[in-house]
Amino acid sequence: MTATLLAVALSLVSAVAYAAAAVAQERLAARSGAGVLRLLATGTWWWSVGLNASAALLHVAALKYGPLTLVQPLGALTLVAAVPLGAKVAGRHVTAGEWRGTALTLAGLGALLVTASGPAPDDTLSLPEALGVAAVTAALIGVLSRRGAKPGLRHATASGVASGVASALTQTVTVAVTDRTGPLLDVRVIAVALLVAAFAAGGLLLSQTAYQGGLGAPLAMVTLSNPVAASVIGLVLLGEHLQGGVAGWSLAAVGAILATGGVVLLTHSTASDHDQAPLLDESPRGPGQSPVTATP
């Protein structure tokens, strides 16, 4: 199996795991009136946490074998997988709008796969580059989430950027640790790992804030800004490129437009179903985080 196929396979399994965790968390979040301590005593919540952790490990493994321009857009498959899973759990049929969104997303991702496929990554960010990326990202997040800003699209954009940068930095750590050309843990690896932890936690907190203003549009913004931020780092600093020259860039642009339209359509459909769904009755489920916490 080539590095590209392995990266795609790992990303697919990761997306399914994230989707299953998201569906479980959405069901948990539908209930109200229970506190954090009750949540910690809920087996379903810990099951979703385990799924999220497993999905994150698979995502890290995919970043070892595939470029950022390939792996990050595949994160949109989480929404695609969550549609039939969520419909089954809710006891309903997949709507026509959801099928259209799924078809558009898959068509767009197919075009991106053709142009973004490439060898396993071997380039990494230097410590000055990683620190520079972190500084620019922190400044951008500060502007988007400045004090007094109403929770919503700006916080969602900041969350997606933080998570995308965390993935890009994770790839540097993964490649540096596994290439066996230097010490296992050096100053650069430790520093970048700390940055990964900071941006991953920041992305989670920002997503929680973003969803105070609603679900649909913020979810779409998080899902779209994540791969954009990671891909910019891959193209500008890591020497990644799209295949096919001008034709490849044109195909990638069309694919990005189709995938964006599909993600937005899926988000609006699932948001409407979530808003219209009645609260669950008392059961082993407890309150949880919003589905966005499961996004890669």
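From the N terminus onward, the elements of the protein chain follow the order α-α-α-α-α-α-α-α-α-α-α. The model is a predicted one, and its protein chain contains eleven helices and zero strands. Of the 296 residues in the chain, 48% are buried. The accessible surface of the protein chain amounts to about 13,500 Å², and carbon and sulfur atoms account for 70% of that area. Among contacts in the chain with a separation of 6 or more, 87% join residues that stand 24 or more positions apart.

Two residues illustrate how positions distant in sequence are brought together. Ala7 belongs to helix α1, which covers residues 3–29. Because its relative accessible area is 0%, under the 20% limit, Ala7 counts as buried. What is Ala7 in contact with, once its neighbours within four places in sequence are left aside? The partners are Ala62, Tyr65, Gly66, Leu70 and Val71. A distance can be given for Pro67 as well: Ala7 and Pro67 are 60 residues apart in sequence, yet their C-alpha atoms are 8.6 Å apart in space.

The second residue is Thr78, which lies in helix α5. Thr78 and Leu12 are separated by 66 residues in sequence and by 8.5 Å in space, C-alpha to C-alpha. With a relative accessible area of 7%, Thr78 is under the 20% limit and therefore buried.

Helix α5 itself merits a closer reading. The helix spans residues 77–90, and its 14 residues reach 20 Å from the first C-alpha to the last, close to the 20 Å expected at 1.5 Å a residue. Where does α5 kink? A kink of about 30° lies at Val83, shortly before the proline Pro84. Val83 is also one of the buried residues of α5, a set that includes Leu77, Leu79, Val80, Ala81 and Ala82, together with Gly86 and Ala87. Just after α5 comes Gly91, which takes a positive phi of about 70°.

The next feature is an ionic pair. Side chains of opposite charge can pair when their charged atoms come close. The side chains of Arg92 and Glu98 form a salt bridge, with an N to O distance of 3.0 Å. The count of salt bridges in the model comes to one. How does cover differ between the partners, buried or partly exposed? Arg92 has a relative accessible area of 27%, between the 20% and 50% limits, and so is partly exposed. Glu98 has a relative accessible area of 0% and is therefore buried.

Further along the chain is helix α8, formed by residues 153–178. Its 26 residues reach 37 Å from first C-alpha to last, close to the 38 Å expected at 1.5 Å a residue. Helix α8 is mostly covered, as 22 of its 26 residues are buried.

Helix α9 offers a view of the surface. This helix covers residues 187–210 and contains Ile190. The relative accessibility of Ile190 is 43%, which means that this residue counts as partly exposed. Which residues make up the nonpolar surface patch of about 320 Å²? Ile190 forms the patch with Leu185 and Leu194.

Key
Residues are numbered from 1 along each chain as its sequence is written. This is a predicted model: local features need pLDDT of at least 70, side-chain atom pairs count only at pLDDT 80 or more; totals for chains, interfaces and linings use all residues. Side-chain values use heavy atoms; hydrogens and water are left out. Patches are made of residues with over 30% relative accessible area and no salt bridge: like charges are joined within 9 Å, nonpolar side chains (Val, Leu, Ile, Met, Phe, Trp, Tyr) within 5 Å. Accessible areas come from the Shrake-Rupley method with a 1.4 Å probe; for residues, only the protein chains shown count as cover. A salt bridge is a side-chain nitrogen of Lys or Arg within 4 Å of a carboxyl oxygen of Asp or Glu. Helices (H or I, at least four residues) and strands (E, at least two) are DSSP runs, numbered from the N terminus. Buried means under 20% relative accessible area, exposed over 50%, partly exposed in between (1.4 Å probe, protein chains only). The expected span of a helix is 1.5 Å times one less than its number of residues. The bend at a residue is the angle between axes fitted to the seven residues ending there and the seven starting there. Contact means heavy atoms within 4.5 Å.
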